[in-house]
Amino acid sequence: MVIIQESILKEHQRKKNTSLSPLLRSYTQKVENVDPLTFFTIGNKYFPGKRFFWTEPSNETILVGLGFSHTIEVNQSLNRFQNIEEEWKRLLITNQKNQKEFKIGTGPMLFGGFSFDPYKKKTKLWSNFLDAKFVMPTLMLTVHKDECYLTTNFLYNKEEEIQTREHELNPIKDELLTEYNLPSETLLGQDFKMTEVMPEEWKQSVKEVTNKIKQGQVEKVVLAREVRLFFDNSIEITNVIANLREQQPLSYTFAFENGKDCFVGASPERLVKKENQEVLSTCLAGSIKRGTTLKEDDDYGNLLLNDKKNIIEHEVVVHMIKDAMSKACNHLEVPSKPSLYKMRDIQHLYTPVKGIVKEDVSLLSIVESLHPTPALGGFPKEEAIKMIRETEVLDRGWYAGPIGWIDSRDNGEFAVAIRSALLQENEASLFAGCGIVGDSEPESEYKETEIKFKPMLSALGGI
């Protein structure tokens, strides 16, 4: 193994730190090919309830984290994005002279997410997920362009603690790096009972919001609903991830464990990606089902591209994201018309927004300015969020919030946590939403959410 990156806080640096907080040791090794799901599975033996998994649509970068060597949490704060960023910067008062071969997605980094609305009334369902939680993994596998790297992170107070901690971790790393490919069992055909959470109340809320839109109180509001699944046995998260990766290859696959709960999903929607000075966001709004034949699929796609309601819904999202990105960037590139983004069960109107970020703009500040987009909240933003808070019949928790990662050089990527579920041992809550406008009909919107439940239902064995 060859060490390509090492970042260690020295004792003389600590003397400058009046708070005498623990020091960070982080180093990255290039390793032989490791199967990410095998790494994730074995990790449960040593770090139960403290794992995460992430891959983006191109599969160019896969991240698997084990253990929480450092945790940053914020609850019910308007400044939660800034709080996370400030705490992360405090931790990174570190010597990085040996990072000439720095690889994006390696070294010290945080993975985590935010709730949709920190001021929505909380329920027991999301008791294990605060309004913002980010973790620095103890061990992290990074697969980037078919190369594998293993990053080790831990905090220490005295130099002599380093050898002890490495002695504890070395046999774990040896096992993780020698197991190559564990078979995963499919969940397809699993029996479960499903309960819809207040479907008639949800339809009534659609009527109420539609009337308020017609009265000019707001232009668009996204309303989400929930179904609850009950299995005979505990859900194996590795199998769910495997199914999502196979069935939804054009999505971000994510999983974040917190004790016995795990938030997992396959989102088609990027919120923002930052790589050095380049940033990329995605406008994804307006949807229709896939066809059973090529001609039928094309017909549905053409219908979507020319549907007035969906075009207006998409243009609202493009306008908002362009406005937010223009404040963060010196230059923007935005296509004049949307194209189609085809998933397995659904197709969307799609417009990418690219830019060159200004020097004083951070990744998390862009995340804050974009969340929530009109595709997940509505428009105008504040009025829509207030209406959701007062009208929606569920606690979204982390559903539709930003989830992703950020490294020590402010590179990173966040997706919008849709097409997702909260797994709790042998139970699962699935979430789906749709944009409500003036001519929305409750039954039609209800059927749209049924389409959006399909990715998670399928991954859990329901289709």
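Leaving aside neighbours within four places in sequence, with which residues is I366 in contact? Select I366 and you will find V272, V279, M325, A328, V357 and V361 in contact with it, where contact means heavy atoms within 4.5 Å.

Before going on, note that this is a predicted model, in which local features need pLDDT of at least 70 and side-chain atom pairs count only at pLDDT 80 or more, while totals for chains, interfaces and linings use all residues. Residues are numbered from 1 along each chain as its sequence is written, and side-chain values use heavy atoms, with hydrogens and water left out.

Next, add I84 and F263 to the selection: together with I366 they touch the most other members of the largest nonpolar core, which has 81 residues. Such a core is a set of buried Ala, Val, Leu, Ile, Met, Phe, Trp, Tyr and Cys residues joined through side-chain atoms within 4.5 Å, and buried means under 20% relative accessible area (1.4 Å probe, protein chains only). Helix α8, at residues 308-328, gives the most to this core, with 7 residues; helices are DSSP runs of H or I with at least four residues, numbered from the N terminus. Apart from this core lies another, of 47 residues, including F39, I42, I172 and L177.

Now move to helix α5 (residues 199-214) and select K203, a lysine that is buried, with a relative accessible area of 13%. Not counting residues up to four places away in sequence, K203 touches P442, E443 and Y446.

Finally, show the whole protein, where buried residues make up 58% of the 463 residues, and where the C-alpha atoms fill a box of roughly 65 × 50 × 40 Å along the principal axes.

Conventions. Buried means under 20% relative accessible area, exposed over 50%, partly exposed in between (1.4 Å probe, protein chains only). Helices (H or I, at least four residues) and strands (E, at least two) are DSSP runs, numbered from the N terminus.
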